[in-house]
Amino acid sequence: MSSNQPYVTFHDGRRAPQLGLGTWKLTDGAAIPAILAATEAGYRSIDTAAIYHNEADVGQGILQCGIPRDNLFVTTKLWNDQHSIEASKLALRESLDKLQLDYVDLYLIHWPVPKENHYLGAWDGLIQLRDEGLAKSIGVCNFDIEHLQKLLDKTGVLPVVNQIELHPYFQQAELRAYHADHGIQTEAWSPLGQGQVLQDPVILELAHQLQASPAQVILRWHIQMGHMVIPKSAQPQRVRDNFNLWSLHLDDDAMARIATLDKADGRIGPVPAEFALM
Ligand SMILES: NC(=O)c1ccc[n+]([C@@H]2O[C@H](COP(=O)([O-])OP(=O)(O)OC[C@H]3O[C@@H](n4cnc5c(N)ncnc54)[C@H](OP(=O)(O)O)[C@@H]3O)[C@@H](O)[C@H]2O)c1
């Protein structure tokens, strides 16, 4: 894999680029130019999901970009109505067909849907898919501490990643501490707060001081916090700017100022304990 960017190492020993391209809402072919701009800029990680309805486009982007498969890190996700061993196996095979890939680097349960309480069956399926080599690593999204603990207690297998809503307005300190204690890599979705954090006065002031864009300040904060991070943009120039972080540095004072932006009601997306969309 390209080494001109930071990588994280999972508890299963595999490595992943810390910064990747998010693709939610990149439909009707829009993922293809985004992937071409991203890979040209140096991205080697792409995040999609069955529910984004763009896996075929992501597969096209991967084909067209010309980067050898071994140098890419591709993530997709299992949707909520497929929480069983058999359904998860069918679902990943369908995703791989659309992606035109033999394996994904990371396969994630998209939501725990605890009201249905079938996520243990899904996890058993992902363990088998990992053992079959169709997913190199397996993890989850949107799991609260109690859901993670149940996976550990019942299967002894912890996810390598928990991909969660995480941005300066919603910093999830308690969940991140659990991840750190258990060797689970935190991955931030909606890392820019879907654009809502870009106009924050503290972020704007730091951007001015550092001669960086607000998005670069926020993404650099994620990188220095140790998060994997997957900003999405449909605009090639923004895709490039979001990767241009490696000479930027936030000092302790800047990091402390961003820490103060956390809000009790900062969540934008659904509450994992309640979300049950099928
Ligand atoms: N696991 C889950 O449940 C889950 C949930 C949500 C998202 N995700 C993943 O996380 C990825 C990122 O989250 P997200 O797409 O919700 O939100 P995000 O990356 O926080 O923000 C995307 C928004 O910011 C804008 N933007 C991006 N770069 C910018 C820049 N440099 N300057 C100004 N505006 C910029 C984009 O607009 P333009 O496109 O117009 O540039 C878009 O409106 C998703 O794409 C998806 O892959 C996972």
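Begin by selecting Val202, Ile203, Glu205, Leu206 and Gln209 in helix 7, and then add Ala254, Arg257 and Ile258 in helix 10, because these are the residues through which the two helices meet in this predicted model. By class, the residues of this contact divide into 5 nonpolar, 1 polar and 2 charged.

With that selection still on screen, show the whole of helix 7, residues 201–210, together with helix 10, residues 252–259, whose axes lie 10 Å apart and pack at an angle of about 160°. The two helices are therefore roughly antiparallel to each other, since an angle over 145 degrees is counted in that way. If you turn the view to look through one helix towards the other, the crossing of helix 7 past helix 10 is left-handed.

Move next to helix 4, residues 119–131, and helix 5, residues 145–155, the axes of which come within 11 Å and cross at roughly 60°. Helix 4 and helix 5 are therefore oblique to each other, and their crossing is right-handed. To see the contact itself, select Tyr119, Leu120, Trp123, Asp124 and Ile127 on the side of helix 4, which meet Glu146, His147, Lys150, Leu151, Lys154 and Thr155 on the side of helix 5. Colouring this selection by class will show 5 nonpolar, 2 polar and 4 charged residues.

Keep helix 5 in view and add helix 6, residues 173–182, which packs with helix 5 at an angle of about 20°, the two axes being 10 Å apart. That angle makes helix 5 roughly parallel to helix 6. Here the residues to select in helix 5 are Ile145, Leu148, Gln149 and Leu152, and they meet Glu174, Leu175, Tyr178, His179 and His182 in helix 6. The contact of helix 5 with helix 6 has 5 nonpolar, 3 polar and 1 charged residues.

Finally, centre the view on the ligand, which is surrounded by 28 residues, the closest being Asp47, Ser190, Leu192, Lys232 and Ser233. Select Ser233 and display its side chain, in which an N or O atom is 2.5 Å from an oxygen atom of the ligand. Then select Gln163, where an N or O atom of the side chain is 2.8 Å from a nitrogen atom of the ligand. The last stop is His110, with a polar side-chain atom that lies 3.4 Å from an oxygen atom of the ligand.

Conventions
Residues are numbered from 1 along each chain as its sequence is written. This is a predicted model: local features need pLDDT of at least 70, side-chain atom pairs count only at pLDDT 80 or more; totals for chains, interfaces and linings use all residues. Side-chain values use heavy atoms; hydrogens and water are left out. Axes are lines fitted to C-alpha atoms, for helices over the stretch in contact, and angles run from 0 to 180 degrees between N-to-C directions. Helices (H or I, at least four residues) and strands (E, at least two) are DSSP runs, numbered from the N terminus. Angles under 35 degrees count as roughly parallel, over 145 as roughly antiparallel, 65 to 115 as roughly perpendicular and the rest as oblique. A crossing is left-handed if the near helix is turned anticlockwise from the far one by less than a right angle, and right-handed if clockwise. Contact means heavy atoms within 4.5 Å. Ala, Val, Leu, Ile, Met, Phe, Trp, Tyr, Cys and Pro count as nonpolar, Asp, Glu, Lys and Arg as charged, and the others, Gly among them, as polar. A residue is near a molecule or strand if one of its heavy atoms lies within 4 Å of it. A polar contact is a pair of N or O atoms within 3.5 Å; within protein, one must be able to donate a hydrogen and the other to accept it, and residues adjacent in sequence count only if both atoms are side-chain atoms.
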